[in-house]
Each structure stands twice: as C-alpha cells, then as structure tokens.
Amino acid sequence: MTARQRYGSLLLAALAGVEISLACTSGGVVGGECRPGLHVCGGACVDLSTDPQNCGACDQICPAGSACTSAACVAGDAGDAADGATSDVAADGASSDAEGDADTTVIDAPLHDVPGDQIATDAEAGPPDSPGDGACTPPFDTPDQCGNCQTACPSTAPLCVPVDGGFACAPKCPAPLLDCAGVCIDTSTDPDHCGFCGNACPSGICQDGKCIGATAGHVVLFCVSFEQTFQASPQTVMLGNAVFLPPGNPVRILGYTEYTPNSIQNKLNQALGWAASAKGRTYSLSSSTTQSTIPQQLDKSAFDVFILYDQPNAPAGVLGPTGAAWAATLASFVAQGGVIVVATGGGGSAEVDEMVDSAGLLPTTGQSLLTAGTILFNIAPFDAIGVNALSQFTALKQTCTWSTPMAPGPKTVFVASPGAADGGPGPPAVVHRIP
C-alpha cells in the first residue's frame, strides 16, 4: 500500500468516527434527518416548541425576559414555569444557555411587526372589531358605534338610545316635536312656534298648530283686471296697500295664472313693482299654472300673499268647481294671517265671480262692467286699502263692480264704488274683508 493510500484510509476512518459521534447526541442529524419531534435549523436538530432561538420556526428568537413555550414566546416567569425551566434566559437578554451549549446572543426584536416591544402571536390576535383589541366593545351605546361596531348615527338621528334591549339611532326631537333652533318644540301648542318654527302668535295662544286671535288675515277683491295701469294711479296704490299688508321683507307671493294672458300678468306685475318701490318694500313672486297644486302649495309657512290673477281664458264651467276645491285651503291660509288678492275685470267667460263665491271669499251673483272713464269714489280713505289713494278717480279699461248681497260693515268694507242715483255709493268695485 502506498503512502497516499494509507493516508486516505486514515481520513475515511476519522470522518466515520465524527459521524458516529454526532449520531449519538440527542440533537444530531442522523443520515440527514433529525429524530422525531426535532427540526433541522442551521445544521442542528432543535425542538421548535421550546427553543428560544428557534421558537415555532427557525431563527424565531424570543426577546429578553421571555421563554419559548408551546412554540410561542411567553414573557415573564409564567413562561419559565410552563416549560419546566428548560431554557435559562438571562434577565438582560444577552445570552441563552441550553444544555451546556455555547452562549448565543439573543436579538431583542418584536415578532409579527408589532409596534414597540410588545409581543403578539397569531393565537392572541383577533379580528379588528373583536372585543379583545379595544377598537369596539359593548355596550355599543355611542353615536359612533350605535348598536354595533359599524353603525354611526346620521345628522337626522344623532342620538344613540336604548331600544328593545340594545341601542339604536334616534332623532333629537321625536315626532311630533320639531327641532327649532336646537330646542324640541310641540308646534301644535307653542305660541312662539305655532304650526312651524318661528311662527309667533301675537295673542300668545296656539291651538292645534294655529294661532288663536292671531293677526287678522285679509281678502281684498278688485273688480279690476289691471291690464291698464299707471304708476301713480289709485288702482296701483290700492294694490300695493293690499299686497304689502303683511309685515317684513320680502313679502312672499304665490300667483295663480293658469288662464291669464301674458299681457295681463305682465301689467299687474308692473303695477306691483311700482307699488313696492313707492313703499320701500321687497317681495318674491312665484306663479302656478296648475289649479290642482294650489292646495299643496298655499301654506302660510311658505307664502304671505296669494294673488288670483284675472282668468279670461278659462273654459266655461271650470272656475266654479275650482273655487269649491280650494275653499278649505284659502280659509286656513287667511285664518293664519295670510292675504288673498283677487284681480278680475269680468272678461272672457266672466266666471271669476263664480270662483270667488264658491271659494267663500265673497258672496256674489255676478259682475257688472263699467265704462272706462266712469268716476269712482274712495269711500273708505281711512281703511288699510283706501289709505293714501285719491278720493275720486276714473275707472280704467276692464273695470267692473261686484253684485253682492253682503252689506258693508266692520269686517266688510266697500273701498271704491261709483256714485249711485241717490248720491250715495253704488255696488263696490273694491272690497276689503277681514273674515
């Protein structure tokens, strides 16, 4: 045997001795595999359930002051007691001495990217809204988490209140109360908010949402179409006196113009603008061309004045039934202090008088046309409608008088009228009623 062959034989024998030595240790790799219960980490067989350097997985190092128990890092003494003190972890986290092996430096790094030095494991973590994480916990009684973690109360129902053993969002003011400037109000009885927020009763009495003894409403009936107007005419002055009876600015006006020619509508609106300028008042004007919508639109909370424009284009037989359908709405509007102004010259089918009668505005049996230039007299210069109007003036185009069985009195004032044969006033051309 040559020297080289003898050296090779000695080398193989030495390596075999090393392999046998490793196989005899409890943590050695036998034939490239570890005994059952151990795992290969860095060429060594380790117990992942207890090894603080490979806790649960290779290179998963437990921080200082903790032990590896059941493949999870457990802080404090509890971990040492649980694993039978098989891991001797130094208090300063500097080294770990396991079964006499060489000291190994421990890196104090948090697991699972948990902020700070706190430790979290998959077993400890829960869903985002679980009671354990502090994000949302019973009894779910706050507006941000009302009844459950996901429900935030909206502005229309901002309160979280007890309901059927749990919690639910609720409005600040439950029906029938209304929120008036942050205060819950019963508008059926509150004299400062009667029927709606801000509607104060002058009498201080509110019943069923209506002011009792409230500022009187008004009905002013012009047998004048206003298709002919002049800026300073008594007709324009009286129109302004009627429309601007309500206090405050702007006066909110709703006009009905379904069967009104544009020429008449524009002329009356022009007279209205002149009157407002003369009085230093402002107004807003809305128009409706659908009779069926008036009962829904005409409400004192939305409008102060309702103007019934002349309706010469109305088909025969239409306006009488319409007035009857409006009667309750008009009466309620006036009872709450609203003002109704009728402007008609008796043209077309001449049925506005039937509407006036069926609506309960004035009992009338018809209208009688006057010749333009007829002398009219202001027979109520101290009435709210006749004030500041000339005592004598001429009738303009399309002027008429009302035929009514009602006699003048404290609540029904004949404001303008032509002279009668006996020298007294004749049938009224302008009537002011306080129902």
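1. The largest nonpolar core in this predicted model holds 33 residues. Those with the most contacts inside this core are Phe222, Phe226, Met238, Leu239, Val243, Val341 and Val430.

2. Several elements give two or more residues to this core: strands E16, E17, E19, E20 and E25 (412-418), and helices H3 (234-243) and H4 (262-279). H4 supplies the largest share, five residues.

3. Phenylalanine 226 deserves a look. Leaving aside residues up to four places away in sequence, Phe226 touches Gln235, Thr236, Leu239, Lys267, Leu268, Ala271 and Ala343. Of these partners, Leu239 is itself listed among the core residues with the most contacts.

4. Apart from this core lies another, of 29 residues. Its members include Ile294, Phe306, Phe333 and Val352. Phe333 is also one of the buried residues of helix H6.

5. H6 spans residues 319-335, 17 in number. From first C-alpha to last, H6 reaches 23 Å, close to the 24 Å expected at 1.5 Å a residue. Even so, H6 bends by about 50° at tryptophan 326. Trp326 is buried.

6. The other buried positions in H6 are Leu319, Gly320, Thr322, Gly323, Thr329, Leu330, Phe333 and Val334. What covers the buried residues of H6 includes strands E16 (218-222), E17 (251-256), E19 (305-308) and E20 (339-343). Helices H5 (294-297) and H7 (352-358) also take part in this cover. E16, E17, E19 and E20 appear again as contributors to the largest core.

7. Check the exit from H6 as well. Just after the helix, glycine 337 takes a positive phi of about 100°.

Methods:
Residues are numbered from 1 along each chain as its sequence is written. This is a predicted model: local features need pLDDT of at least 70, side-chain atom pairs count only at pLDDT 80 or more; totals for chains, interfaces and linings use all residues. Side-chain values use heavy atoms; hydrogens and water are left out. Helices (H or I, at least four residues) and strands (E, at least two) are DSSP runs, numbered from the N terminus. The expected span of a helix is 1.5 Å times one less than its number of residues. The bend at a residue is the angle between axes fitted to the seven residues ending there and the seven starting there. Buried means under 20% relative accessible area, exposed over 50%, partly exposed in between (1.4 Å probe, protein chains only). Contact means heavy atoms within 4.5 Å. A nonpolar core is a set of buried Ala, Val, Leu, Ile, Met, Phe, Trp, Tyr and Cys residues joined through side-chain atoms within 4.5 Å.
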